[in-house]
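Student: Please take one part of this structure and look at it closely. Then work outward from there to other parts.

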Amino acid sequence: MIYHYDGMFVILPDKPLPAARNFEIINHLQTQVEPDLFESPGVYDGRKNFFTAIELPLEEGANEFVVPMGPPPSPGETARRGRGPIEYRVRLTHVASISTEVLQRFLQGVQSHDNSVLTAITALNVVVRMGPNLRWPFNVRSFFTDRETSDIGGGIVLWRGYFQSVRPAIGRMLINVDISTGAMYMPGPLIGLALAVLGRPGNPNALAPRQSLPDRERIRLQRFISGIKITTSHGQRDRGQQNPRPRVVKRLSKEGARDLSFELDNGQRTTVADYFRGVLNQPLRYPDIICVELSTGALIPLELCHVPPGQIMRKQVPSDKTNSVLEFATKRPNDRLASICNGLAVLEYGESEYIQQFGMTIENQPQRIQARVINAPTLRYHQSSRQPTAKPRDGAWNLIDKRMFTPSQVPNWMIVIYERPQRFNDQTAHQMANELVKACETVGITINPRPALIKWESGQGIIAQQLRAAGGECQRLTKSLPTVIVVVLPDGGNDIYSAVKHFGDVTTGVVTQCMKSSKCYRAKPQYYANITLKLNVKLGGVNSVPEPRDVSFLTDSANPTMVMGADVIHPAPGSGDRPSFTSLVGSIDSSAVRYVSTMRVQTSRKEIIEAMESMCTEVLRHYKEATKKLPKRLLFYRDGVSEGQFATVLEEELPLIRRACEKMGFKPTITLIIVGKRHHVRFFPKSENEGDRSGNCPAGTVVDSDVVNPVEFDFYLQSHGGLLGTSRPSHYNVLIDENRFTADGLQSLSYALCHVYARATRSVSIPAPVYYADIVCSRAKHHYDPQQGFDLSMSETATNTTEAATTLERFRQAFKPAHERMRQLMYFC
């Protein structure tokens with residue numbers, strides 16, 4: 001039996017405590033306050049759920065405990081403030097008793113996945129995580145140790161972590177173990193951290209407003225360190241140690257300690273520098289640098305603050321550090337498997353008293369499972385090609401001797417360059433134009449051999465005005481507006497790129513193709529070939545199609561089929577009340593290679609798509625316009641949903657899809673599949689001979705036994721060839737299947753759809769419609785006028801629901817949909 005208790009903290013003020021503090025309190029309760037009652041220790045999830053293997057003798061099923069916590073106060077503080085250790089009251093209430101036989105029946109496939117099964121699995125997860133969570137910093141399902149670290153600069157230190165999750169499989173329970181990466185604040189003096197963030201190490205005066213600290217840099221630093229915990233050394237100087245009580249930084253002062261004043265209890269005003277001169281019996285070393293303001297309102301000079309190790313940075317890692325994070329996190333398959341196996345020593349399953357109390361035994365060896373490799377589809381190109389078909393190998397093929405299946409036309413085009421003429425001169429521009437023309441002609445795209453206009457512009461100007469003027473000049477020269485605007489960007493030209501896309505995709509409906517100047521300069525033909533893949537589909541062309549016999553479900557003319565992909569993207573950590581964005585794409589041809597898209601703004605961090613009905617209606621109308629009929633079958637791939645939300649998708653999103661179809665006057669059969677990438681399951685070939693050149697399992701590897709759900713229709717498909725690190729298979733969960741697919745049929749079709757992604761001659765990790773939906777979501781910022789100054793990454797936070805609703809409505813009103821002409825095209829490629 002497993003006994004489930006509700007662990008409620010009764011504290012004042014009525015504010016949730018951090019999970020780490022909750023663990024400390026529960027551990028103190030079991031080991032110090034009531035060790036006899038908890039002779040067989042229970043396990044806790046950090047929030048509310050408490051489980052034991054032996055029933056606790058509680059009075060009428062509930063007991064309340066007083067748990068005194070906290071380090072002793074600073075010297076003299078008790079006398080001055082009358083404060084002692086904080087007393088927390090914890091109420092444990094018996095909720096349920098769960099027989100493990102229910103779990104056994106579920107694993108045998110004769111019991112549904114009900115609440116009792118879910119609670120039992122939750123309990124086992126809490127059991128395996130209890131020990132590590134008491135010892136190490138943790139984040140949901142991972143904990144992090146300092147046994148392997150990397151200082152990547154900017155005040156960030158990476159720690160190697162270990163992910164663990166108990167999962168049901170056919171006939172048994174498994175623990176999914178993987179390595180993970182945690183970004184930590186750099187420990188040590190807060191001054192050192194602040195200077196590292198600003199890129200000014202060893203120069204404390206860089207933090208002085210009087211000297212060289214611009215306010216924008218102070219605000220950037222404040223965003224980075226707000227919420228960090230520090231210890232302080234004043235009041236402890238005579239003992240040479242830090243005050244052990246961590247305090248939370250709220251913000252940074254605008255003035256230095258010498259210029260920042262406050263009122264004492266006696267009504268007199270003094271500066272922070274003078275106050276601490278008295279406290280320390282010596283002047284501050286850096287009286288001109290800024291101070292931190294704590295959550296209590298106290299002002300502390302930076303030089304007296306220390307950052308304890310192991311604090312997880314729960315904000316988005318700066319973009320310039322992304323490569324460093326990837327370098328630390330990426331491991332080749334053999335190295336990753338070795339690191340996971342070495343991590344079992346840290347996990348200490350055999351020594352855990354919690355695992356022993358619950359009667360669990362855990363094997364320390366990776367599981368050997370059955371897998372198979374399915375065939376890749378044959379891809380067809382234009383019949384005039386020297387090689388009209390391609391058979392992917394290891395998830396890749398090439399464009400050599402191949403012409404686009406349906407090539408597009410570029411009768412008139414121009415080039416606008418935002419790189420300095422000294423770095424990208426006239427000769428380079430003409431060379432780039434010639435190479436692009438040559439690449440287009442090679443793959444069958446009809447293009448005017450000379451651009452109508454080549455013009456240099458400044459990225460400091462208003463991009464839309466510049467492009468509109470260039471378009472007008474092109475029209476005067478050629479009597480027609482450009483079909484395509486090729487824009488050459490400098491390195492770091494993200495703002496220019498966004499403005500270009502807003503102008504082309506939203507305002508005017510003209511195709512834009514951006515290229516980086518550094519890539520264009522002496523680029524190889526392969527670069528321009530990749531550009532043609534994107535350009536052709538933006539103009540309404542088709543690059544390649546799968547052989548009809550390989551996708552017979554789609555090409556059956558008696559049963560027209562539409563393939564859809566949907567996704568939700570949420571604001572980055574620390575982005576406050578910024579909205580989420582949803583997207584839906586749908587195929588408009590029988591080969592499922594041409595797609596239309598639509599997009600909406602919705603409530604921040606809401607997983608379920610609120611506007612599913614109107615989005616489906618819009619996409620279905622495009623299908624009807626393109627094919628002159630409505631589909632009889634829908635194949636719907638949904639991304640961005642956690643396992644806990646599957647039921648909600650069926651209860652809320654599926655009825656909206658059906659309603660949209662009913663309003664259009666038809667009732668298709670629907671197959672709804674969740675495609676998951678945010679998981680930690682990894683597969684490793686048994687030997688090098690069975691892997692691809694990167695050491696990964698080959699593209700097309702399918703696992704649909706051993707590690708899948710005992711009662712549901714799910715499978716893993718590793719559809720892409722390995723490049724760097726260890727490939728992650730996609731997890732497909734079929735929530736409803738009215739089209740009655742066989743497992744082989746759905747796996748082969750999903751794999752084929754991974755080969756129709758237009759931007760690459762490689763199979764991708766998820767079906768193309770889901771990939772496109774993800775791209776459409778990620779382009780949200782391009783739908784806001786750059787001149788209006790909307791920033792999707794700012795960290796303002798709404799203080800109440802009314803303010804959040806106002807912010808959401810403001811973003812909704814400012815959002816501009818794609819231009820009518822672009823909605824018929826794959827402009828997002």
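Tutor: Start with a cut-off: a residue is buried if its relative accessible area is under 20%, exposed if over 50%, and partly exposed in between. Keep in mind that this is a predicted model.

Take helix H1, residues 19-33. Its buried residues are Ala19, Asn22, Phe23, Ile25, Ile26, Leu29 and Gln30. Read that list against helix geometry. An α-helix has 3.6 residues a turn, so residues three or four places apart point the same way. Now check the length of H1. The expected span is 1.5 Å times one less than the number of residues. The 15 residues of H1 should therefore span 21 Å, and the end C-alpha atoms are 20 Å apart, which agrees.

Next, a helix pair. Two packed helices are described by the angle between their axes and the distance between the axes. Helix H12 covers residues 463-478, and helix H13 covers residues 494-508. Their axes lie 9 Å apart, at an angle of about 60°. Roughly perpendicular begins at 65 degrees and roughly parallel ends under 35, so H12 and H13 count as oblique to each other. The crossing of H12 over H13 is right-handed.

Now the strands. Strand E9 spans residues 172-185, and ten of its 14 residues are buried. Its partner is strand E8, residues 156-169. The two run antiparallel, joined by 14 bridges. One pairing sets proline 168 opposite methionine 173 of E9. Two residues lie between the strands of this hairpin, and glycine 171 has a positive phi near 85°.

Strand E35, residues 730-737, is also mostly covered, with seven of its eight residues buried. Strand E32, residues 669-676, pairs with E35 in the antiparallel sense over six bridges. There, isoleucine 674 faces asparagine 733 of E35. Strand E34, residues 714-718, is antiparallel to E35 too, with four bridges. Leucine 717 has serine 730 of E35 as its bridge partner.

An open sheet of three strands follows the order E20-E19-E27, with antiparallel pairing. Strands E20 (389-390) and E27 (545-546) are its edges, each pairing on one side only. Strand E19, residues 379-380, shares two bridges with E20. Arginine 380 stands opposite threonine 389 in E20.

Two loop residues deserve a look at the backbone. Most residues other than glycine have a negative phi, and most peptide bonds are trans. Arginine 522 is not a glycine, yet its phi is positive, about 55°. Arginine 522 sits in the loop between helix H14 (517-520) and helix H15 (525-538). At 67% relative accessibility, arginine 522 is exposed. Aspartate 706 also has a positive phi, about 65°, although it is not a glycine. Its loop runs between strand E33 (701-703) and E34. Aspartate 706 is partly exposed, at 23% relative accessibility.

Last, the cysteines. A disulfide requires two cysteine sulfur atoms within 2.5 Å. By this rule the count is zero. Cysteine 440 is in no disulfide: the nearest cysteine sulfur, that of cysteine 520, is 13 Å away. Cysteine 440 is buried, with a relative accessible area of 0%. Cysteine 616 is in no disulfide either, and the nearest cysteine sulfur, that of cysteine 661, is 6.6 Å away. Cysteine 616 is buried as well, at 1%.

Technical notes. Residues are numbered from 1 along each chain as its sequence is written. This is a predicted model: local features need pLDDT of at least 70, side-chain atom pairs count only at pLDDT 80 or more; totals for chains, interfaces and linings use all residues. Side-chain values use heavy atoms; hydrogens and water are left out. Buried means under 20% relative accessible area, exposed over 50%, partly exposed in between (1.4 Å probe, protein chains only). Two strands pair if DSSP finds at least two bridges between them. Axes are lines fitted to C-alpha atoms, for helices over the stretch in contact, and angles run from 0 to 180 degrees between N-to-C directions. Angles under 35 degrees count as roughly parallel, over 145 as roughly antiparallel, 65 to 115 as roughly perpendicular and the rest as oblique. A crossing is left-handed if the near helix is turned anticlockwise from the far one by less than a right angle, and right-handed if clockwise.
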